[in-house]
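Colleague: Could you take me through one part of this model in detail? I'd like to hear about a single chain, and how far to trust each stretch of it.

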Amino acid sequence: MDHKTPIRQFLRDLLARKSDGQPFSDDSSLLISGRFDSVDAVDIVVMLEEKFNIDFAEIGFDQSMIDSVDSIDSLIRSTHAPKPCEGDAEERREQTGHVSKS
Amino acid sequence: MLRNDENKQAMSPKAEKPDQFAKIEAVLRRHPGVRAAKVSRENFGPDELIVYVVPHDDYVRVALTDTDEERKRIQKWRKTFDLMQMGKEAAAAEPGFNIAGWNSSYTRQPIPAQEMREWVENTVAEIISLRPQDLLEIGCGTGLLLLRIAPRCKRYVATDFAPAVLAKLRKQMEEMGSSWDGVDLLERTADNFEGVAECMFDTVVINSVTQHFPNVSYLTKVMDGAIQALKPGGKIFIGDVRSLPLLETYAASVELYQARPDMEFAELRERVALRVRQQEQLVISPAFFLALAERNPRVSGIEIRLKRGRSDNELTRFRYDVVLHAGGGRNVSTELAWLNWTAKGKGIENIRQMLNDEKPESVAITSIRNARVEKDIKTLEKISHLGVGGTAGELRKELEATDTDGINPEDLYATGEELGYRVELSWASCRPSGSYDAVLSRTDTPAEKKDPVKWPQLSTTGKLPAKYTNVPGQNVFRERLVQHLLSYCEEHLPEEMVPHALVLVDSLP
């Protein structure tokens, strides 16, 4: 599923609110580069929590996770990875200490 | 900002006669959020009808004081702080020194740990000098102050609104292993004084918190609650307040630092204006606290102190501390003969010489140029002059080559200490130049025999006018206002006269 189009649109709108009409590519750093600040990061986080059911309290948070269209896309993909079969899930639980909610 | 319905743009033949402009402008002016409106004559065509609108400041301000808006802004900050505690930086923090999230506006990188350490130590020293026994800390965060001050108090009640932050603090307290008897941690917003009785505490601390308040009325509510909670003779320490008189200077300083070398002054000017307007934090003039003290009979004295510290960063340059004293009746303060130190060439050496030669009982000096912000003031001056050209790179070079001739407050403290003088500094004058006032008095006169200083201060009406703070979060509201005004035009104007776009400006072009 293509997540990038709505992400691009969301980020474009968020930048427009800051009167930032400069273009960006999918790998452009938007947060670490300073185009977004920590308060804007909350808007991105809330969008990901609401639209993609990502639980940051569970997976932890780092700015690099939501720094660009690409990083957000891979974050969604990693948390929405197809459910492994039971045996795999057990194995993964042991490796990581937790299983993602999705 | 364009309205969303792009299809309509292509469909509607737009107003073509200038006499229709007047009607569009008149309709918009009738809206309570609009102070002035003007149709753009330059960008006018069948597919282009743009109107410049100057919004009413009061309308924006009132809209943002709306309780729903207030709640949203508080929730957003809470989330910001909780997220900071989920990162690697917080996980790696040394016990008792969790400074995750303290980033520099200039570099966007964490403020160096040694600078934060100096900031913590100086703040702790200021608070301990108030001799707290029963202390209420509003917004304790990761416990940078609590972990150092609580062991000296009988009771330490600390509140914070971010659950993840409090959880981290509890964990730290457990790990440090000390006894934390008498310490209570409460999860609540700053304006919640439930269970706090009148005259319950001798000290209230609100450190580096006010910038996250949603608006001036919330700030007022918290201050009123804090004053109520105070015993007679108690003190409120409001630390790390961002200075409104220096907001534009701060913005100029950060923008110059970040600018490409070839950036022209005109672009820098725009960026500075944008940074000021886009502030998400509450920036407060010392005048707010002066007015608060004036209107509240429980407040007997007020000090507006410059930050201590040798570190050269935005905290020492653009923030200040306030100490409010509660007591029975107003303290009497004597008038002093103030020496004006504005002139160039009046440096620290002249003060040293005066103290050495004349050995006065005390000396009061006003308008001391502040070495900490001198170059930033110059930056703002340079780029503000319309018609003066230049680039960021050229200005940076020029500033590097210029010596500062103001006095660093820490040099004044050091000189005073060396020559046996107690040094008090004040920013109550609220001058946008960042200059400050000083009183030096001989340490062989006991502090308690000394009358409180009547500092030069901006005269306030005591009514807490809203102009004493900025309006954080304007951007979101301005965006909403544009959408709202476009709908308003659709309701009140024939279709061909509905603007394609509204541009909010500070004054009409």
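**A close look at chain A**

Modeller: Happy to! Chain A has an average pLDDT of 80, and 77% of its residues score at least 70. Do bear in mind that this is a predicted model. That confidence is spread unevenly over the elements: helix H4 (residues 69–79) of chain A has the highest mean pLDDT, 94, while helix H5 (residues 86–96) of chain A has the lowest, 41. Over residues 85–102 of chain A the pLDDT is below 50, yet in the model this stretch still has 14 contacts beyond near neighbours in sequence.

Now for the fold itself. Chain A has 5 helices and 0 strands, so the order of its elements from the N terminus reads α-α-α-α-α. Of the 102 residues in chain A, 23% are buried. As for the contacts, take those in chain A between residues at least 6 apart in sequence: 57% of them join residues at least 24 apart.

For a single-residue view, let's step over to chain B, where B:Leu355 sits in helix H14 (residues 348–358) of chain B. B:Leu355 counts as partly exposed because 19 other C-beta atoms lie within 10 Å, whereas a buried residue needs 20 or more. Setting aside neighbours within four places in sequence, B:Leu355 is in contact with B:Leu419, B:Tyr421 and B:Leu440. B:Pro95, by contrast, is 260 residues from B:Leu355 along the chain, and their C-alpha atoms are separated by 45 Å.

Technical notes: Residues are numbered from 1 along each chain as its sequence is written. Chains are lettered from A and ligands numbered from 1 in the order in which they are written. This is a predicted model: local features need pLDDT of at least 70, side-chain atom pairs count only at pLDDT 80 or more; totals for chains, interfaces and linings use all residues. pLDDT is the predictor's confidence in each residue, from 0 to 100. Helices (H or I, at least four residues) and strands (E, at least two) are DSSP runs, numbered from the N terminus. Two residues are in contact if their C-beta atoms, placed from the backbone, lie within 7 Å. A residue is buried if 20 or more other C-beta atoms lie within 10 Å of its own, exposed if 12 or fewer, and partly exposed in between; C-beta atoms are placed from the backbone.
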